[in-house]
Structures are given as structure tokens and as C-alpha cells.
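User: I would like to learn how to read a few features of a chain from its coordinates. Please give the general idea each time, then the case at hand.

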Amino acid sequence: MENYIFIPIIFFSVIVIISAFFIVKQQTAAIIERFGKYQSIRHSGLQLKIPLVDRIAGKLSLKIQQLDVIIETKTLDDVFVRLKVSVQYKVIRDKVYDAFYKLDYPHDQITSYVFDVVRAEVPKMKLDDVFVRKDDIAIAVKSELNDAMIEYGYDIIKTLVTDIDPDSQVKAAMNRINASEREKIAAQFEGDAARILIVEKAKAEAESKRLQGQGIADQRREIARGLEESVEVLNKVGINSQEASALIVVTQHYDTLQSIGQETNSNLILLPNSPQAGSQMLNDMVASFTASNQIGEAMKNAKKKKEE
């Protein structure tokens, strides 16, 4: 019977001895209190405490943690915008006591500072500047948080503005502005392309006209050379230059009539076209050449007398 009395005592003793040992995980700090008073801080590994006297008041993670804060505020150009600020922080290993005893709700404290800084910075900026200068906002939040939270044993590793979300109507308006700007640029490129096409077409036409004119000039040069040879041949048989020129013109006149007659669907009318037109044209041209020679001789004589 006496043996049965010692069984509960032994069992209780085992429980007490086992409770004296505890394990602290890696990157964790355990706060030990003795009768409600701070005693020590234990880090990772197998630790020992006095049973029934010491107790684990709490544990703090030494890992880097992240807190996401959503803030709605207004910009300088009166646009409401929602910002998501991600704060990465950790408990300073040497200040676990301050982190545990000085601050009860660190998340609420950090959130309050983030709200305060963002609502002080963003109203100074226009909406476009908020997107461009989001890093400046993050730096301002980190600086303010570091100064405030270092006292409580927290180190602010980094702050990031991870999302900027304006009102849906504002986003639609911004998309319309962007689309209009792109359409304007596209129209400018299309106008430049059309202008280049017109310029190149004009250059091509000018080159074509130049080559056409050069061809006509070459053609007339060859015709003149042929006429010169014809006049020389006629001069050799006793026909003077005036008569030869008139004869060549009359010959071309009849060649033209023959060419027109070969075209069945031609609507061309050649004037004069009477049977006596050829002889009359020949007489008129000979008379005009003779008159022009007489006038030329008279002018030469007058000039010579004037010089004398």
C-alpha cells in the first residue's frame, strides 16, 4: 500500500524535472520570467529553467517579417489613390527585451507610422509624380519608421511601394489620354510617310521629265543633223539653201499627210489641206527667205555706213 502512495509523487517529480528543460528554435528568442519578473533571454538550443519558479513569458521571431499596409489618400491634383506599402522588419537580437516589453502591438505601431508618412508625402505630388517618385515615398517611410521603431528594438530592413491603384474612372481617363497620344504619334508617322512618298514621287517625275527632255533634245539634234546633210546634198545639185529648206519643209508636209492617212481612226485635221497647199507653201517660204535675206543685207550695209 505504501508503494502505491509514492507512485503519484514519482510521477509528479518526473513531470517537474521534464518541465525544467525546453527547446528554443533557430532564429527565435525566448523571454524567461521568475515570479513575474524578467529573468533572462534564451536563444536557440536546449535550455534549462527552474521548474515552478521560472516560466516562458513569450517568444519572439528574429526572422525578417513583412507587413503590408493599404493606404487611401489624395494627390495634389485631387485624385484619390490607394497605395500598398510593404514593410520588411525584424527584431534586433540585442534588443529583444525592448521589443517584448516596450511595445505591445508592433503591427499597429508600424501601420500608424506608415499612414502618417504616406498621407504627408502623397498630397504634395500629382498623380503622375506618385508613379515616378514611388521610391522617394518608400525612402521617406523607411526613414521615419527607423527613427521611431529603433527605440522599441525593431530594425526596418526595407519599405516598398508595391501597388498604386487610382480610381477606376481616373485609370480609364489615363488610358484614353495614352491612346490619344499614341494615335497622334501614329498620325505624325503616317504624315511623314505620305510626305516622303510625295517627295520621292515628285523626284521620280522630275527625273522622268529630264530624261524625256533629253530624249527630245537628242531627237531634234539628230533631225537637225539630217536636215543639214540634206541641204548639203541639194546644194551640190545647184539648189541654194533657201530653196532646199523650203523643199525639205514641203517634203515633211507630205510625209505628215501620208502618216495621217495610214491611221484609220484618226480625228486629226491638218490645215491647210488643199491640193495647191504644197506649191503655195513652197512659194511662200522661198519668198520669206528671200525677203529675210534682203532685210539682213540692208541691215549689214546700214551698219557698215554708220561705222564709216
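Analyst: Begin with burial: a residue counts as buried when its relative accessible area is under 20%, and as exposed when that area is over 50%. The model shown is predicted. In helix H3, the residues that meet the buried criterion are Pro106, Ile110, Val114, Val117 and Val118.

User: How are the buried residues of H3 placed, seen down its axis?

Analyst: They fall within an arc of 95° about the axis of H3, so they line one face of the helix.

User: Which elements does that set of buried residues pack against?

Analyst: Packing is read from contacts, meaning heavy atoms within 4.5 Å. The partners of the buried H3 residues are strands S6 (65–74), S7 (80–91) and S8 (154–166), together with helix H5 (134–149).

User: What span does H3 reach, and what is expected for it?

Analyst: H3 covers residues 106–121, 16 residues in all, and runs 23 Å from its first C-alpha to its last. At 1.5 Å a residue, 22 Å is expected, and the value for H3 is close to that.

User: Take one residue in a strand that H3 packs against, Arg82 in S7. Which residues is Arg82 in contact with, leaving aside neighbours within four places in sequence?

Analyst: Its contacts are Ile70, Ile71, Glu72, Asp163, Ile164 and Asp165. Sequence separation and distance in space should be read side by side. Arg82 and Ile164 are 82 residues apart in sequence, yet their C-alpha atoms are 5.9 Å apart. Arg82 is partly exposed, at a relative accessible area of 41%.

User: What share of the contacts in the chain between residues at least 6 apart joins residues at least 24 apart?

Analyst: That share is 62%. As for the elements, the chain has 8 helices and 8 strands.

User: What should I read from the surface?

Analyst: Look at the total, then at patches. The chain exposes about 21,800 Å², and carbon and sulfur atoms supply 56% of that area. Buried residues make up 23% of the 308 residues. One nonpolar surface patch, of about 540 Å², is made by Ile17, Phe21, Ile23, Leu46 and Leu48. Strands S1 (21–24) and S4 (45–48) are the elements that each give two or more residues to this patch.

User: Is Ile23 buried or exposed?

Analyst: Ile23, which lies in strand S1, has a relative accessible area of 58%. The cut-off for exposed is over 50%, so Ile23 is exposed.

Key:
Residues numbered from 1 in each chain as written. Predicted model: local features only at pLDDT ≥ 70, side-chain atom pairs only at ≥ 80, totals over all residues. Heavy atoms only, no water. Helix = DSSP H or I, 4+ residues; strand = E, 2+ residues; numbered from the N terminus. Expected span 1.5 Å × (residues − 1). Buried < 20%, exposed > 50% of the residue type's maximum accessible area, 1.4 Å probe, protein only. Arc of directions from axis to C-beta. Areas by Shrake-Rupley, 256 points an atom, 1.4 Å probe, with all protein chains shown as cover. Patch = residues over 30% accessible without salt bridge, like charges linked within 9 Å, V, L, I, M, F, W, Y side chains within 5 Å. Salt bridge = Lys/Arg side-chain N within 4 Å of Asp/Glu carboxyl O.
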